[in-house]
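This report describes the fold of one protein chain, from its overall composition to selected residues. The sequence and the model are shown below.

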Amino acid sequence: MAVFSKPILDSLKRHKVSGKPLFILVATILLLRSRLLTLPKETLQRISRVAKCKQRLSARELDDVLQRVYEKEEDGSKTLLVPYRDRITRLNIKETLPSKFASDAPFFPPLSASAKEKPNIDTSFLRQFRAIIFRVAFPSFWSKETMMVALHSFFLVMRTVLSVLVARLDGRIARDLVSANGRGFLKGLGLWFLLAIPSTLTNSLIRYLQSKLSLNLRTRLTRYIHDLYLSSAPDLRFYRSGLEGVDQYLTADIDAWSESLSVLYGNILKPSLDLILFTSQLSRSLGFRGTTLLFVNYYATVLLLRAVTPAFGRLAAVEAKLEGEYRAGVGRVGREAEEIAFYDGGARERDILTRAYLRLMKHVNSIYKIRIAYEWTEDYVIKYLWSAAGYGLIAVPLLYTRTKRSLGVQTDESKTVRPENAIAGRTESYVSNRRLLLSLADAGGRLMYAYKDLLELAGLTTRLYTLLSSLHDLPPLPRHTVKATDDILLTRVDVAVPHPNTSESTTDDTGKLRPSSNQTSLPLVKNLSLALKDGDHLMITGSNGVGKTAVARVLSGLWAPQGDGADVQLPADGADGRKAIFVVPQRAYMVTGSLLDQIIYPHSYPEYLGSGKTEKDLMEILEKVFLAYLPEREGGWRTRKEWRDVLSGGEKQRMAMARVFYHRPRFAVLDECTSAVSTDVEGRMYEHAKALGITLITISLRPSLMKYHTHLLTLAGDGSAGWTLTQVGTAEERMGIDREITSLESKLADVEKWEERVKELDVLLSTQKLI
């Protein structure tokens with residue numbers, strides 16, 4: 001300590017500094033010593049986590065991260081695990097609460113047809129824009145986006161101030177150069193390089209903040225719309241929205257809106273500040289007359305360009321719609337590639353896509369042609385008329401005596417002003433004013449361009465608002481009565497196709513969705529009543545198009561039960577997480593992910609771990625559906641492929657049955673989900689499902705499946721919407737089978753008569769050919 005204290009004491013003595021501040025510093029260090037040496041536990045954990053994130057992970061660890069996807073936090077949020085360059089980036093995601101959607105819904109009423117077709121800068125646009133900005137993009141004053149806008153605004157103001165300083169410094173350098181003031185010239189040049197540092201840094205930060213703001217706006221909107229669109233029951237908006245080209249809305253439209261808004265903000269705020277500051281600076285030199293002429297120039301330019309501006313908002317909205325149609329066509333070919341190949345429909349699909357592309361290109365070319373006249377007028381006014389007006393305004397200080405004196409111009413012969421000083425003063429004034437006028441013309445041009453961008457933003461806002469209002473306007477699906485018992489009870493239910501305009505439906509006092517009076521769709525099944533208990537295996541059969549799948553939609557809650565006094569009562573999910581009803585649709589759906597994900601869907605990997613099941617249990621399930629060879633054939637449980645294309649039709653259907661065995665629901669609705677499976681394998685899977693205690697509700701036309709059920713629901717195919725419910729194995733069923741056998745025997749007895757008639761027709765046809 002003596003080694004360090006001696007120089008300090010000597011320094012204090014030399015500078016005559018009292019020891020009081022040193023005493024306070026030493027005391028502060030002693031008090032905080034324990035705090036500095038013992039960091040809080042949370043801080044240490046945070047540092048450890050960051051250090052762990054920076055470590056390179058092995059291939060096995062990265063594979064685990066890809067499989068795990070996220071970690072669930074104690075507050076209910078999820079932390080996404082994003083692999084990046086052999087490391088993990090953690091991102092906490094908080095789901096948007098249903099209460100937030102409920103509070104936002106009144107701010108998104110549906111648009112009128114005229115507002116959708118002709119977006120413009122009017123009160124409707126302002127209402128749409130305000131709803132998106134303050135309810136979604138900037139949810140609170142202290143949000144990250146608000147702070148970013150404030151920082152962006154600060155640098156925009158800074159750049160305007162720096163532009164004024166550069167203009168003044170430019171005039172000063174020109175003055176010193178004309179007056180041959182070498183020292184002043186070098187000093188001005190040094191200041192020029194010093195001023196270039198904050199100027200270039202400000203420009204870079206403005207571009208960075210603009211891009212960052214666009215990215216944050218897109219992220220905010222995407223998360224909000226994902227939570228709204230991909231909502232779970234009883235909303236299921238992704239199932240009922242009815243919007244065409246949703247992928248265009250969720251990707252390109254959100255991106256274009258965010259980019260347009262972030263760019264437009266800078267293109268409006270910066271030129272506006274430039275106009276105010278540059279005009280105030282010029283008014284000192286131009287005087288009253290010059291300033292008045294400057295404002296007259298502004299007003300005339302606005303009137304002229306507004307008169308020739310096309311409806312860019314409507315054009316942008318139509319372009320986005322056509323772009324979505326073309327993208328949807330390309331996606332359709334990718335999804336249905338095999339079916340198209342079987343039909344050899346490549347040429348036909350090419351014609352469809354070409355037609356969609358040509359419609360898009362024709363519209364884009366029409367926009368380009370419209371822009372020729374507009375941009376010609378805009379450039380002529382902004383670049384040339386404003387430049388000519390600038391020369392005239394610069395001449396104002398030199399033409400009127402009152403301003404001449406302020407510039408050092410000789411107006412009286414008795415004044416002894418050196419000519420070189422007068423020339424230097426006029427040069428400084430001209431160069432500064434010229435630079436300010438050029439910047440002013442650039443600001444005015446960007447404001448005029450911004451009007452066109454604002455019209456395009458209006459079109460994008462209308463499309464984005466249409467998506468949000470359509471999703472918010474959807475009423476929730478009917479809330480079925482959930483009981484603690486294990487029974488399914490349908491009472492006087494009419495099964496009918498819901499009206500496409502779901503916003504016209506109403507909700508009664510019990511919360512059930514009821515169709516309005518103008519929904520007059522004919523019922524497929526009328527006055528259906530049935531009760532199912534555990535072990536009451538039901539088979540639903542009937543000809544094609546009679547409404548078998550429609551009954552499954554009512555049971556799963558996708559369709560509202562219709563009819564006076566209609567009621568659907570379903571069992572509740574078990575406390576152990578066991579589902580009450582699990583529906584397997586006709587088309588087997590393969591989720592994006594690993595082989596393991598295909599079995600546990602819709603569970604995630606963390607939910608799979610929480611269930612206590614292991615890969616050994618999954619292998620036993622695959623053995624029951626005769627797919628035990630898949631892990632070895634495909635490279636393991638965590639192999640990630642496009643399973644929709646890898647697995648055959650029968651394999652996909654057996655994988656869907658594996659999901660039933662994994663979840664083990666009380667009731668499983670199987671809608672023609674084994675049509676591509678052989679009869680022997682199908683029978684074994686049905687036997688295993690019954691052994692697991694799963695009550696089957698099967699929709700099928702295969703008579704071989706009847707023996708696995710106890711009840712048979714037959715839907716009439718005569719258009720009467722009738723139905724019959726019988727018990728399999730009863731005398732009534734046997735009588736029905738006997739009647740069918742008798743009918744078939746009577747038809748077989750007439751075979752000889754029909755064969756003779758065929759021969760007669762052949763003879764007649766041959767005679768006609770000879771003639």
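## Basis and overall composition

Helices (H or I, at least four residues) and strands (E, at least two) are DSSP runs, numbered from the N terminus. The model is predicted: local features need pLDDT of at least 70, side-chain atom pairs count only at pLDDT 80 or more, and totals for chains, interfaces and linings use all residues. Residues are numbered from 1 along each chain as its sequence is written, and side-chain values use heavy atoms, with hydrogens and water left out.

The protein contains 27 helices and 17 strands. Of its 771 residues, 39% are buried, where buried means under 20% relative accessible area, exposed over 50%, and partly exposed in between (1.4 Å probe, protein chains only). The exposed surface is about 44,400 Å², and carbon and sulfur atoms supply 59% of it; accessible areas come from the Shrake-Rupley method with a 1.4 Å probe, and for residues only the protein chains shown count as cover. Contact means heavy atoms within 4.5 Å. Among contacts between residues at least 6 apart in sequence, 75% join residues at least 24 apart.

## The three-stranded sheet

Strands of a sheet pair through backbone hydrogen bonds, either parallel or antiparallel. Two strands are taken as paired if DSSP finds at least two bridges between them. An open sheet of three strands has the order E1-E2-E3, with antiparallel pairing. Its edge strands are E1 (70-72) and E3 (87-93), each of which pairs on one side only. Neighbouring strands are turned by 25 degrees against each other on average, direction ignored.

Seven bridges link strand E2 (residues 78-84) to E3 in the antiparallel sense; threonine 79 has asparagine 92 in E3 as its bridge partner. Helix H5 (residues 59-68) lies across E1, E2 and E3 and runs at about 140 degrees to E2. For such angles, axes are lines fitted to C-alpha atoms, for helices over the stretch in contact, and the values run from 0 to 180 degrees between N-to-C directions.

## The six-stranded sheet and its helices

A further open sheet, of six strands, follows the order E11-E14-E15-E9-E16-E17, and its pairing is mixed. Strand E11 (581-584) and strand E17 (723-727) each have a single partner strand, so one side of each is left without a neighbour in the sheet. The average turn between neighbouring strands is 15 degrees, direction ignored. Strand E14 (residues 667-671) and strand E15 (residues 695-699) run parallel and are joined by five bridges. Valine 669 stands opposite isoleucine 697 in E15. H24 packs on this sheet and touches E11 and E14, its direction making about 170 degrees with that of E11.

Two packed helices are described by the angle between their axes and the distance between the axes. Helix H24 (residues 649-663) packs against helix H25 (residues 679-691) at an angle of about 10 degrees, with the axes 11 Å apart. H24 and H25 are therefore roughly parallel to each other; angles under 35 degrees count as roughly parallel, over 145 as roughly antiparallel, 65 to 115 as roughly perpendicular and the rest as oblique. Arg654, Met657 and Phe661 of H24 meet Val681, Met685, His688 and Ala689 of H25.

## Leucine 217 and phenylalanine 238

Which helix holds leucine 217? Leucine 217 belongs to helix H10 (residues 182-229) and is buried, at 1% relative accessibility. Residues up to four places away in sequence aside, leucine 217 touches Ala137, Phe138, Glu145, Ser258 and Leu261. The C-alpha atoms of leucine 217 and serine 258 are separated by 5.7 Å, with their positions 41 residues apart along the chain.

Phenylalanine 238 lies in helix H11 (residues 237-240) and is partly exposed, at 41% relative accessibility. Beyond residues up to four places away in sequence, phenylalanine 238 touches Tyr229, Leu230 and Ser231.

## Backbone features

A cis peptide bond, with omega of about 10 degrees, joins tyrosine 601 and proline 602. Proline 602 is in the loop between helix H19 (595-600) and helix H20 (605-611).

Asparagine 527, although not a glycine, has a positive phi of about 55 degrees. Asparagine 527 sits in strand E8 (residues 523-532) and is partly exposed, with a relative accessible area of 40%. Phenylalanine 626 also has a positive phi, near 60 degrees; its place is the loop between helix H21 (615-624) and helix H22 (630-634), and at 31% relative accessibility it counts as partly exposed.
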